[in-house]
Structures are given as structure tokens and as C-alpha cells.
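Visitor: I have a model open on my screen and would like to learn how to read it. Could you walk me through a few features?

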Amino acid sequence: MKYWPLLILLFATSLLMGQTSVDGEIPGLNMYPNPVSDGTLNIRTPQAKTKQITVFDVFGAPVLQTNLRGEQLNVSSLPAGVYVIRITEERKTATRKLIVK
């Protein structure tokens, strides 16, 4: 039973990836540091366009939604844990695991 959170995270990730109707992955996406310990996540792409960000908890519920115009996302409001982050830029979407310490 200690693997339930991991199974839920994998299930949520598969659901999120299945719901996207976009043109593909974001080439050159760089997201760091992961795990986040200082409350700031840097998200860089070669195009540097506005990104739509949604962070989901392990149950698939959105806990943070914003449009990111720069590179730094403030995640200090999130409690420590494992999340799924969905980043959309110019009709391309990437879904990644995010760890907040």
C-alpha cells in the first residue's frame, strides 16, 4: 500500500497526457531545479514566449494555474510533495513531474 501515491501520480500523468490536443512537445524545454527547495522553478524554452502553466496534485486536481511571461515560476505556495506540471507554449505541451521540498 505504500506505492499508492506513485500509482496515483502515474495515473494522473497518463490522463493529462491523453487530454492534450496540441502539435507536440516543446523542443528545448529546460526546467530546473527539480526538486525545488527555494520556492522558484525556472522554465526556459528557446522561443521564450508566454507559457500557460498548470500544476496538479497527485489526485489530478489543479493547485496552481498561471500564465508565465518570464522564466521564474513561484511555487512557494505549494506544500512539499510530488506534482505534475503541464506547460503549454505556442500550441505545444510538455508534462513533467515536479518535486517541491
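Guide: We will go from the sheet to the core and then to single residues. Keep in mind that this is a predicted model.

Visitor: How many strands does the open sheet have, and in which order do they come?

Guide: To read a sheet, follow the strands across it rather than along the sequence. Here the open sheet has four strands in the order β4-β3-β6-β7, and their pairing is antiparallel. The edges are held by β4 (62–68) and β7 (92–100), and each has a single partner strand, so one side of each has no neighbour in the sheet. From one strand to the next, the twist averages 20°.

Visitor: How many bridges join β6 to β7?

Guide: Nine bridges link β6, residues 81–89, with β7, and the two strands run antiparallel. For one pair to look up on your screen, take T88, whose bridge partner in β7 is T93.

Visitor: Which residues touch the most other members of the largest nonpolar core?

Guide: The general idea comes first. In soluble globular proteins, nonpolar side chains tend to be buried together. In this model the largest nonpolar core has 19 residues, and I43, L73 and I85 touch the most other members. At least two residues of this core come from each of β2 (40–44), β3 (51–56), β4, β6 and β7.

Visitor: Setting aside neighbours within four places in sequence, what is I85 in contact with?

Guide: The contacts of I85 beyond that window include M31, L41, I43, I53, V55 and L73. A94, T95, R96 and L98 are also among them.

Visitor: Is E89 buried or exposed?

Guide: For this we read relative accessibility, where under 20% counts as buried. E89, which lies in strand β6, has 3% relative accessibility and therefore counts as buried.

Visitor: Which side chains make polar contacts with the side chain of E89?

Guide: One is the side chain of T45, at 2.8 Å. Another is the side chain of K51, at 3.5 Å. Leaving aside neighbours within four places in sequence, E89 is also in contact with other residues, including I26, Q47, A48 and Q52.

Visitor: And what is the relative accessible area of K97?

Guide: K97, in strand β7, has a relative accessible area of 48%, so this residue is partly exposed. A sequence gap can also be set beside a distance in space: K97 and V55 are 42 residues apart in sequence, and their C-alpha atoms are 9.5 Å apart.

Notes
Residues are numbered from 1 along each chain as its sequence is written. This is a predicted model: local features need pLDDT of at least 70, side-chain atom pairs count only at pLDDT 80 or more; totals for chains, interfaces and linings use all residues. Side-chain values use heavy atoms; hydrogens and water are left out. Two strands pair if DSSP finds at least two bridges between them. Axes are lines fitted to C-alpha atoms, for helices over the stretch in contact, and angles run from 0 to 180 degrees between N-to-C directions. A nonpolar core is a set of buried Ala, Val, Leu, Ile, Met, Phe, Trp, Tyr and Cys residues joined through side-chain atoms within 4.5 Å. Buried means under 20% relative accessible area, exposed over 50%, partly exposed in between (1.4 Å probe, protein chains only). Contact means heavy atoms within 4.5 Å. A polar contact is a pair of N or O atoms within 3.5 Å; within protein, one must be able to donate a hydrogen and the other to accept it, and residues adjacent in sequence count only if both atoms are side-chain atoms.
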